[in-house]
Amino acid sequence: MAAVTAARPVRARRRRPSLWALFWLLAGALYFLVPLYSVAQFSLETGAHRYGFHWYAQIFSDPSFRSSFLLSLRLAVETVAISFVLMVPTVYWVHLRLPKLRPTMDMIAVLPFVVPPVALVVGLSGLFSALPSLLASSQILALMYVILALPFTYRSLDAGMRAIDVKTLTEASQSVGSPGWKTLLFVIVPNIRSAMLSAAFLTLAIVMGEYTISSLLLFNTFAVYIYYIGNTEAYQAAALAIISFVLTWGAMMGIFFVSRLAGGRESVQIGGTR
Amino acid sequence: MATLELKQVRKQFGDVAALRDMTLEVASGEFVSLLGPSGCGKTTALRIVAGFEFPDSGELLVDGRDITGVVANKRNMGMVFQAYSLFPNMTARDNVAYGLRVRGTDKAARQRQAEELLELVGLSDQAKRYPRQLSGGQQQRVALARALAIEPAVLLLDEPLSALDAKVRVTLRQEIRQIQKRLGTTTLYVTHDQEEALSISDRVAVMSAGVLEQVGKPAEIYRDPRTPFVAEFVGTMNRLDGQVAGAESVVVGAGTVRLQIEADHGHPIGAKVLVLIRPESVTLKEAVNGEAAEGALKGRVITHTFLGPVTRLGLDSDLGPLVVDVPGVEALSLASGTGVTLSVDPAGVHLLSAG
Amino acid sequence: MRGETPAEAGERPSAHSSRRATTVAAPEPGDRVRRARKSSNARIVRWAGVLPFFAYTAVFLLFPTVELMVKSFKGSSGQFTWANVSQLFQGDFASAYVTSIEVSAITAVAGGLLGLFIAYAAVHGRLPAFIRPLLSTFSGVAANFAGIPLAFAFIATLGPTGVITSVLNGAGFHIYNHGFSIFSITGLSLTYVYFQFPLMILIISPSLEGLRAEWREAAQNLGATPAQYWRHVGLPILLPALLGATVLLFGNAFSAYATPYALSGGYINLVPVRIGAILSGNVIVPNPQLGDALAFGMIVIVAAAVSVYVLLQRRAAKWLQ
């Protein structure tokens, strides 16, 4: 960011809000809310002008819902775990020992955008046909999701590490005799908690909504289940859409509060299935 | 060049009164500084003059014409902001020429004028550079040239030097003053740095909490502060409680020490006053044999601070705690606890009513 | 920017030289060899730290991309051929690319403009302070809500029995009678915009905040009207960031799979959907490498978009930082 701005006394220098601003904000709010309202209405319609939570009840009692939801949830946790194990030491290392590598890392972090999920599946299909055992369990999904979430995980961790003085903390920790891994675990990690939590929430949102890879590899994740239901049960699908929205909303709120607590700028990021 | 007048200007932000009935006149070609701490309203006043804020009540007159309601881009005032105001997508020359560009001046003419002004501020060789390639001081010079390019009726400067290094500040403020004198532009200058205000202004207006405390020539403000705030804000001031004891004397402190003062102080005998003494108005002599001369004021050195041109001593004295400035470095050798004799210049004692 | 430029600071004595003067005494001959070996060992150790990451990205990013590139140019007996790639420019596949490009471009511009106006309203519209973080969070939700649920939401809104469709029908606008369908390209575009404009808001807001109030005020002070300010200062400064963001939006739409798939049941002629169809065996193609070529072509286009974005971002950073 720019250099230090001279301090100005805090003053409410606000005039009346511009009419144009209100108009556009309203337009945006409408575009955002109308589809949500529509699908919510569908999800609550139990008959002609009768409303209730019937469809939600049906869904929650559907064993496929539970299994697909839990599968996605498990995958999300695994993805977060693998991401952290892979990325936290790496980002730490780069900040500490290889700062010149930062631009390259920034570039690599953008690469997942360049290889869309569809293309990724096709690219790996050769590998899958050679080693079909890879597709035996859903673990492979977690491994691929790590890549999907990479840009956001990296950026979050990078920002978190930049905000603390990695070098000084490490040197201080080493001077009391702490070996490298302990420094990482007990000194660095606690200080980038909010960055890690933000990354975790975003990964959660991405994985819970991921359809492309899981459907093409024939796994029954939550989004696959939603699509399947949508083919036959329109109302239940609407309820699922609302559930999905609430999930995404929860994850974003999680990020919002986590970064608020840390006192940093809220950097809400975007990712996931399109 | 124009005269500028603020008449009873009031501005409220929510429940904060930024300006209360501010009335000020700036004569044609005059350089007036608005001096005060953060939040005193000086920047608000400047922005009202520029047209970025509108007063809740009161009038703004330029050459007698009411411009209170005139939009900012029609006021023909040049403003130099605190920092970052140069357009980053234009070279220095194009920045300076911008005011002329929006007035329809043709390209060749405005480029020529811009180059003339850049020469005036000493930056002809930087004409083709972009703001990010210039130092802070250079940027502010370009900003000044840009403000002057439109030949404004009034030149406004909002703490233009606060974001710069100390040395650059001192040189640049002199240059600003010289340019202003040369062009004779009516100028309103906002700063919180009293040294800055005193050194370059024709008159200084000291402000606090939205009110003008005192307006006058720099020497007047310094020597003859009219309110305790001005006394303490401008320079360092010793402030003692006292009571007028006679036409030429005042009793300080608990009641035993008398100070001689000048006769025309205008306060009735017996009046409670604030006795103000500048640190440089006190002279010291080291007490002989540790004993002060008979009848003289006595004191003891507590601290000493080297300030360069003077040594500042903190004393405990018959008058109470005192700050005294002694020229040179010899005073540094006065160890803590050394006894001294004080003598106060009567002309350097000012009284303000304490009531 | 404080202080002097390098040019002005030339006179100042360098701080570095004095520091170097106080380091180690003259080395012995053996030391140099030992130090060289130690430093190359140290270098290996240093790079070892990032090895897991590079290995992972190599396997899951580099390898698939290279595979696709190689397979795109391979014939059925393993020889180099242009046949696969040339098929991309013909018939169905070509029109898939064209449609994908069209939809991506239109929704990038439409979503981009909408997002720009909303972001500008929030940053410079003199609205209450809580609007900014609120908008940021909502934009995050909307941008992440894309995919299957979004498709269903739009079907619920503008589908044949959708809420808005019914409202419009009630008002006399029978849109389905006039050729509109949520399952058409138009309907798809409207759905895409739902996640495009929030993405724009998120990307462009920092740049809008970087537009300093001092610039607008200085322009005003010098006599410029708001229109002049925008034409001479605001837009030129904002343009690289704007273009970059729009291009990113383009790439974003181009990559979309789940949303069009759900809206069309897998039958819409877009590149990602065609690839998916080939992969799932729903469509038999003359040679299997066609899917690879399609995917590779997709990567090339999206890579171009991302590169343009990165370049324009760097350009934008020069002025807005």
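The following legends describe close-up views of a predicted model with chains A, B and C.

**Figure 1. Overall confidence of the predicted model and of chains A and C.** The model carries an ipTM of 0.84 and a pTM of 0.80. Chain A has a mean pLDDT of 85, with 90% of its residues at 70 or more. Residues 1-13 of chain A fall below a pLDDT of 50, and this stretch makes 15 contacts in the model beyond near neighbours in sequence. For chain C the average pLDDT is 84, and 87% of the residues score at least 70. Residues 1-24 of chain C have a pLDDT below 50, with 17 contacts beyond near neighbours in sequence. Where pLDDT is low, the predicted coordinates should not be read in detail.

**Figure 2. The contact between chain A and chain C.** Chain A contributes 78 residues to this contact and chain C contributes 73 residues. On the side of chain A that touches chain C, helix 1 (residues 19-44) gives the most, with 14 residues. By residue class, that side of chain A comprises 55 nonpolar, 17 polar and six charged residues.

**Figure 3. Met107(A) in helix 4 of chain A.** The helix that holds Met107(A) covers residues 102-114 of chain A. Met107(A) counts as exposed, because 10 other C-beta atoms lie within 10 Å and the limit for an exposed residue is 12 or fewer. Pro151(A) stands 44 residues from Met107(A) in sequence, while their C-alpha atoms are 9.5 Å apart in space.

**Figure 4. The helical architecture of chain C.** Chain C contains 14 helices and zero strands, so from the N terminus on every element in its order is α. Of its 321 residues, 44% count as buried. Among contacts in chain C between residues at least 6 apart in sequence, 75% join residues at least 24 apart.

**Figure 5. Helix 7 of chain C and the elements that pack against it.** Helix 7 spans residues 148-158 of chain C, and 11 of its 11 residues are buried, so this helix is largely enclosed by the rest of the structure. The buried residues include Phe152(C), Phe154(C), Ile155(C) and Thr157(C). From chain A, the elements against which the buried residues pack are helix 1, helix 11 (222-232) and helix 12 (234-261). From chain C, they are helix 8 (163-170), helix 9 (185-210) and helix 12 (258-264). Helix 1 of chain A, one of these packing elements, also gives the most residues to the side of chain A that touches chain C.

**Figure 6. Chain B and its helix 4.** Chain B has eight helices and 20 strands, and its C-alpha trace spans about 80 × 45 × 35 Å along the principal axes. Of the 355 residues of chain B, 45% count as buried. Among contacts in chain B between residues at least 6 apart in sequence, 66% join residues at least 24 apart. Helix 4 (residues 136-149) of chain B has 14 residues and reaches 20 Å from its first C-alpha to its last, close to the 20 Å expected at 1.5 Å a residue. In this helix 14 of the 14 residues are buried, so helix 4 of chain B is largely enclosed by the rest of the structure. Just after helix 4 of chain B, Glu151(B) adopts a positive phi of about 50°.

Notes: Residues are numbered from 1 along each chain as its sequence is written. Chains are lettered from A and ligands numbered from 1 in the order in which they are written. This is a predicted model: local features need pLDDT of at least 70, side-chain atom pairs count only at pLDDT 80 or more; totals for chains, interfaces and linings use all residues. Helices (H or I, at least four residues) and strands (E, at least two) are DSSP runs, numbered from the N terminus. A residue is buried if 20 or more other C-beta atoms lie within 10 Å of its own, exposed if 12 or fewer, and partly exposed in between; C-beta atoms are placed from the backbone. Two residues are in contact if their C-beta atoms, placed from the backbone, lie within 7 Å. pLDDT is the predictor's confidence in each residue, from 0 to 100. Ala, Val, Leu, Ile, Met, Phe, Trp, Tyr, Cys and Pro count as nonpolar, Asp, Glu, Lys and Arg as charged, and the others, Gly among them, as polar. The expected span of a helix is 1.5 Å times one less than its number of residues.
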